[in-house]
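Let us go through this structure slowly, asking of each name how it was earned and which rule stands behind it.

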Amino acid sequence: MATLARDDYRDIVRQRFHAKHGIQSPFVAWGALDETTLELALTCLPARHLRLWFERLLGDIRANRAGMPDLIQFWPGEARYRMIEVKGPGDRLQDNQKRWLAFCAEHAMPVSVCYVSWEEQSLDAAASGPDATAEDGGVPLARAPGGRSA
């Protein structure tokens, strides 16, 4: 299979985005994907990683369509990203999630698990707290394709 130059791959993705935008697909959440997010992804996601994800998905759609991490965080100034699986209190990694995490680790794809917990606080204290922002300078987190809704 021929290898595309980085700009060629980006152009093809943009063309497909415009040609297919809004068409129902089990793999695309159109409400979460706009042109700004697409451009962040094209800046931060290596074509090699996208290809590996798609090859894995297409190799066994039924087994691999679930379990990808919930969120993706972009650092466009550094052209990098991180996938994040979020687990709340009492939640545990499912087998399909463990397989996706192992796949990402095997291919040096940045991925982490974020265990969330919270303390009870009064409504007044919660309302006066600081706004939530990305902790280390990245673009605020977006739901990854196939990620759960809040």
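## Asking for the reasons

Student: What makes E2 and strand E3 (residues 111-115) count as a pair?

Tutor: E2 and E3 are joined over 5 bridges in the parallel sense, and two strands are said to pair if DSSP finds at least two bridges between them, so the 5 bridges satisfy the rule. One of the contacts along the way links Glu85 to Val113 in E3, its bridge partner.

Student: What should I know about the origin of the model and its numbering before we go on?

Tutor: This is a predicted model, in which local features need pLDDT of at least 70 and side-chain atom pairs count only at pLDDT 80 or more, while totals for chains, interfaces and linings use all residues. Residues are numbered from 1 along each chain as its sequence is written, and side-chain values use heavy atoms, with hydrogens and water left out.

Student: How do you know how many helices and strands the protein has?

Tutor: Helices (H or I, at least four residues) and strands (E, at least two) are DSSP runs, numbered from the N terminus, and the protein has 6 helices and 4 strands. Read along the sequence, they follow the pattern α-α-α-α-β-β-α-β-α-β.

Student: In which sense do E1 and E2 pair, parallel or antiparallel?

Tutor: Strand E1 (residues 71-75) and strand E2 (residues 80-87) pair in the antiparallel sense over 5 bridges, and Phe74 has Tyr81 in E2 as its bridge partner. The two strands form a hairpin with 4 residues between them, and Ala79 in the turn has a positive phi of about 50 degrees.

Student: Why is the unit of E2, helix H5 (residues 95-106) and E3 given its handedness?

Tutor: A crossover is right-handed if, with the strands pointing away from the viewer, the path from the first strand over the helix to the second runs clockwise, and E2, H5 and E3 make a right-handed β-α-β unit.

Student: What makes the contact of Arg14 with Glu39 a salt bridge?

Tutor: A salt bridge requires a side-chain nitrogen of Lys or Arg within 4 Å of a carboxyl oxygen of Asp or Glu, and the closest N and O atoms of Arg14 and Glu39 are 2.7 Å apart, so the pair qualifies. Arg14 lies in helix H1 (residues 6-20) and Glu39 in helix H2, so the pair ties together parts that are 25 residues apart in sequence.

Student: Why is Arg14 described as neither buried nor exposed?

Tutor: Buried means under 20% relative accessible area and exposed over 50%, with partly exposed in between (1.4 Å probe, protein chains only). Arg14 has 25% and Glu39 has 31%, so both are partly exposed.

Student: How do you know that Arg51 and Glu55 form a salt bridge, and where do they lie?

Tutor: Their N to O distance is 2.9 Å, which satisfies the salt-bridge rule. Being 4 residues apart in helix H3 (residues 47-59), Arg51 and Glu55 are separated by about one helical turn; at 39% relative accessibility, Arg51 counts as partly exposed, and Glu55, at 43%, is partly exposed too.

Student: Are Lys87 and Glu85, whose side chains also meet in a salt bridge, buried or exposed?

Tutor: Lys87 and Glu85, at 3.5 Å from N to O, are both buried. Elsewhere, salt bridges that share partners join Asp11, Arg14 and Glu39 into one network, and by this rule the count comes to 6 salt bridges.
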